[in-house]
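User: Please examine one part of this model closely: a single strand, its partners and the charged side chains around it. I should like one connected account that then moves outward to the neighbouring elements.

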Amino acid sequence: MDLRDDENKTGSRGFQNPPRIGETFKDRFEIWELFGGQRQKGIWKFPGEEIVNAYSSEDSPYPDRIDHVTGSIEYRGQGLSGNQSLEDGNRYLEEARISKSPIRFWFKPSKGRVVFKNWAVVTDRTTIFENDQQDNSAERILWFLAEVGGPNSKDWPLEVINSEVLDLPEEERAISRSPEHLLAR
């Protein structure tokens, strides 16, 4: 099967019976079988849905960070080699940021099962220099996600509801400071 066909595949559950928070799955292939969409990309949509899904794994080459106290997430954009840009999955996240649309955040602990961990809102992004998979310095997009109670804004913290959507340039100059502790700042 051509990988492009993946995106059009509707799974056995489809969007009529979407995943529930806390529901676990053996792997990305099982999610694809049940809901369709994409079985490899870290940022995707299920067929027939506009909701963005963002996947993170402890064993991933992307150094995502989760603050387990606040639920805030520092999520690396799509693209392992070279400079990242606002295309493909990164475009999905940018559209969700601008529209303040909720996204599903999926997480796979090391040697664990994939879980639909929580709903989140993309609150901000920045561009940093970080080594890519070939160990070359590259521009990486960092997305900042805030955990929210559900897809309906009535379940969100007031600071998320009242936060301003920042007017950010399409191409942002990368900051040269170390990416460590950006989530805390």
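**A strand and its surroundings**

Analyst: Strand β4 (residues 65-66) pairs with β5 in the antiparallel sense, over 2 bridges. The model is a predicted one. Within this pairing, I66 has I73 of β5 as its bridge partner. The two strands form a hairpin with 6 residues between them, and G71, in the turn, has a positive phi of about 85°.

Strand β5 (residues 73-76) also pairs with a second strand. It is joined to β8 (residues 137-148) by 4 bridges, and the two run antiparallel. In this pairing R76 stands opposite L142 of β8.

In a regular strand the side chains alternate between the two faces of the sheet. In β5, I73 and Y75 lie on one side, while E74 and R76 lie on the other. Both faces are covered, and these four residues are all buried. One face of β5 therefore carries two charged residues that are buried, E74 and R76.

What do the side chains of E74 and R76 pair with? E74 forms a salt bridge with R65, with 2.7 Å between the closest N and O atoms. The two partners differ in exposure: E74 counts as buried because its relative accessibility is 0%, whereas R65, with a relative accessible area of 27%, is partly exposed. R76 meets the side chain of E130 in a salt bridge of 2.8 Å, N to O. This pair links distant parts of the chain, since E130 belongs to strand β7 and R76 to strand β5, 54 residues apart. Both E130 and R76 are buried. R65, E74, R76 and E130 are linked in a network of salt bridges. The structure as a whole holds 11 salt bridges.

A contrasting case is D132, in the loop between β7 and β8. D132 is buried yet has no salt bridge. The nearest side chain of opposite charge is that of R140, 5.2 Å away, and a salt bridge requires a separation within 4 Å. A polar atom of the D132 side chain does lie 3.0 Å from the backbone nitrogen of Q134. Leaving aside residues up to four places away in sequence, D132 touches L80, S81, G82, A138 and R140.

Strand β5 also takes part in covering helix α3 (residues 89-99). In this helix G89, N90, L93, E94, A96 and R97 are buried. They cover an arc of only 160° around the axis, which means that they sit on the same side of α3. An α-helix has 3.6 residues a turn, so residues three or four places apart point the same way. What covers the buried residues of α3 includes β2 (43-45), β3 (52-57), β5, β6 (102-108), β7 (114-131) and β8. Just after the helix, K100 takes a positive phi of about 55°.

Helix α3 also contributes to a salt bridge of its own. R91 pairs with E170, the closest N and O atoms being 2.7 Å apart. This pair, too, links distant parts of the chain: R91 is in α3 and E170 is in the segment after α4 (158-161), 79 residues away. R91 counts as partly exposed, at 25% relative accessibility, and E170 likewise counts as partly exposed, at 48%.

Key. Residues are numbered from 1 along each chain as its sequence is written. This is a predicted model: local features need pLDDT of at least 70, side-chain atom pairs count only at pLDDT 80 or more; totals for chains, interfaces and linings use all residues. Side-chain values use heavy atoms; hydrogens and water are left out. Buried means under 20% relative accessible area, exposed over 50%, partly exposed in between (1.4 Å probe, protein chains only). Two strands pair if DSSP finds at least two bridges between them. The arc is that of the directions from the helix axis to the C-beta atoms. Contact means heavy atoms within 4.5 Å. Lys and Arg count as positive and Asp and Glu as negative; His and the chain ends are not counted. A polar contact is a pair of N or O atoms within 3.5 Å; within protein, one must be able to donate a hydrogen and the other to accept it, and residues adjacent in sequence count only if both atoms are side-chain atoms.
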